[in-house]
Amino acid sequence: MGGVNHSAFAAFLKSRRDRIRPADVGLPTGPRRRVPGLRREEVSQLAGLSADYYTELERGRGAQPSAQVLTSLARALRLNGDERDHLFHLADRPVPPATHGPAAQVQPALLGLLDRLTTTPAQIITDLHQILAQNELAVALIGRPVAVRGPEASFVHRWFTDPDARALYPPEDHPHHSRVFVADLQAVAARRGRDSEVQRMVASLRRRSEEFAALWDTHDVALRRTDHKRIVHPALGIIELDCHSLFSEDGRQRLLWFSAPPGTEGAAQLELLSVIGTQDMTADENRTSP
């Protein structure tokens, strides 16, 4: 490792910031805007960083940014795969293997929609239910993605192999979610064909979970487009919500968002969730789910 190339890192951040127009990320274009792209404080807000910290980075100062910070910056600045790898190289951080995967680069169209969903929990997942991006309300509702790689990054895999993952839903709802997860995976496996990633996951789950094996052998198939969910929140209790899905053109990614009809208890809980944010999140990360 040769250390952070501070000047090149700073110049690259500024060049990427300058090329993004406010409308690209759902921000209004005001008459007094003096910069061609985003302001520093806008990038810091999109990346979930303090304005002072981001300013120091763009001035070529401060400590080596963490991998989590780099990932947040890559998303906020709409970096493609090569640009994101370059950002990690300039920061003298190993490029995460996931950034080379076929589904790891969040599709811009879905990301643009996610940025506009500011009043409802929303996130982008792969077809194997690996979280790629979340807004802050989604983090407050279900937590951040677990810090694992490989099959365990899939919530479907954890659902059948890690009992703690099921704490997100009431026990009486578990059979329903098991059936839906397996039927969805059947559809994904058929669409992907002889895909080694799916084949390894199915083989692992058949070996480790009798429940999964029995459901898989029913051959029920249905993509999970909409669902009614009861989510167990550590501060607000059970929140009843509708979950909607928008699929990317190739089917490899999905934008999920949660809503509740106006006037319902779920709608009131979502409003309260926007107030308390993540301050009362006390549950383990394993509860995170698509």
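**Rings**

I count two Phe, Tyr or Trp rings as a pair if their centres lie within 6.5 Å, taking the six-membered ring for Trp. By this rule I get 6 aromatic pairs in what is a predicted model.

I looked at F155 and W159. Their ring centres are 5.9 Å apart with the planes at 45°; planes over 60 degrees apart would be edge-to-face and under 30 stacked, so this pair goes down as tilted. F155 and W159 are both in helix α8, 4 residues apart, which is about one turn of the helix. Both residues are buried.

Next I checked F160 with F212. Here the centres are 5.3 Å apart and the planes stand at 75°, so I noted the pair as edge-to-face. This one reaches across the chain: F160 belongs to helix α8 and F212 to helix α11, 52 residues apart. F160 is buried at 8% relative accessible area, and F212 is buried too, at 0%.

I also found one aromatic cluster, made of F155, W159, Y169 and F181. F181 has a charged partner as well: the charged end of R224 sits over its ring, 4.6 Å from the centre.

**Overall layout**

I stepped back for the whole-protein numbers. I have 12 helices and 5 strands. The protein has 290 residues, and 49% of them count as buried. About 14,200 Å² is exposed, with carbon and sulfur atoms supplying 52% of that area.

I then asked how much of the contact list is long-range. Taking contacts with a separation of 6 or more, 61% are between residues 24 or more positions apart.

**Cores**

Which residues touch the most other members of the largest nonpolar core? I got L141, F160, L185, F212, I231, L241 and L273, out of 38 residues in that core. So F160 and F212, my edge-to-face pair, are both on that list.

I listed the elements that give two or more residues to this core: α7 (136-142), α8, α9, α10 (196-208), α11 (210-216), β4 (237-247), β5 (253-259) and α12 (265-276). The biggest giver is α9, with 5 residues.

There is a second, separate core of 23 residues; F9, I20, A47 and Y54 are among them. A reminder to myself: nonpolar side chains tend to be buried together in soluble globular proteins.

**Salt bridges**

My search of the whole structure turned up 20 salt bridges. I went through three of them by hand.

R16 and E83 meet through their side chains at 2.8 Å, N to O. R16 is in helix α1 (residues 6-19) and E83 in helix α5 (residues 81-90), so I noted a link between distant parts of the chain, 67 residues apart. E83 is buried, with a relative accessible area of 12%.

D127 and R191 form a salt bridge with the closest N and O atoms 2.4 Å apart. D127 lies in the loop between β1 (122-126) and β2 (131-134) while R191 is in helix α9, so the bridge ties together parts 64 residues apart in sequence. Are the partners buried or exposed? D127 is buried, at 1% relative accessible area, whereas R191 is partly exposed, at 40%.

I followed that bridge further and found D127 and R191 in a network of salt bridges that also links R192, D195, E197 and R252.

The third bridge joins E211 and R166, with the closest N and O atoms 2.7 Å apart. E211 sits in helix α11 and R166 in the loop between α8 and α9, 45 residues apart, another link between distant parts of the chain. E211 counts as partly exposed at 33% relative accessibility.

**R166, a closer look**

Where is R166 found? I placed R166 in the loop between α8 (155-161) and α9 (174-192). Its relative accessible area is 16%; the cut-off for buried is under 20%, so R166 makes it.

What does R166 touch, leaving out residues up to four places away in sequence? My list is W159, F160, H174, S178 and E211. Three of these I had met before: E211 is the salt-bridge partner, W159 is in the tilted pair with F155, and F160 is in the edge-to-face pair with F212.

How values were computed
Residues are numbered from 1 along each chain as its sequence is written. This is a predicted model: local features need pLDDT of at least 70, side-chain atom pairs count only at pLDDT 80 or more; totals for chains, interfaces and linings use all residues. Side-chain values use heavy atoms; hydrogens and water are left out. Buried means under 20% relative accessible area, exposed over 50%, partly exposed in between (1.4 Å probe, protein chains only). Contact means heavy atoms within 4.5 Å. A nonpolar core is a set of buried Ala, Val, Leu, Ile, Met, Phe, Trp, Tyr and Cys residues joined through side-chain atoms within 4.5 Å. A salt bridge is a side-chain nitrogen of Lys or Arg within 4 Å of a carboxyl oxygen of Asp or Glu. Accessible areas come from the Shrake-Rupley method with a 1.4 Å probe; for residues, only the protein chains shown count as cover. A charge sits over a ring if NZ of Lys or CZ of Arg is within 6 Å of the ring centre and within 35 degrees of the ring normal.
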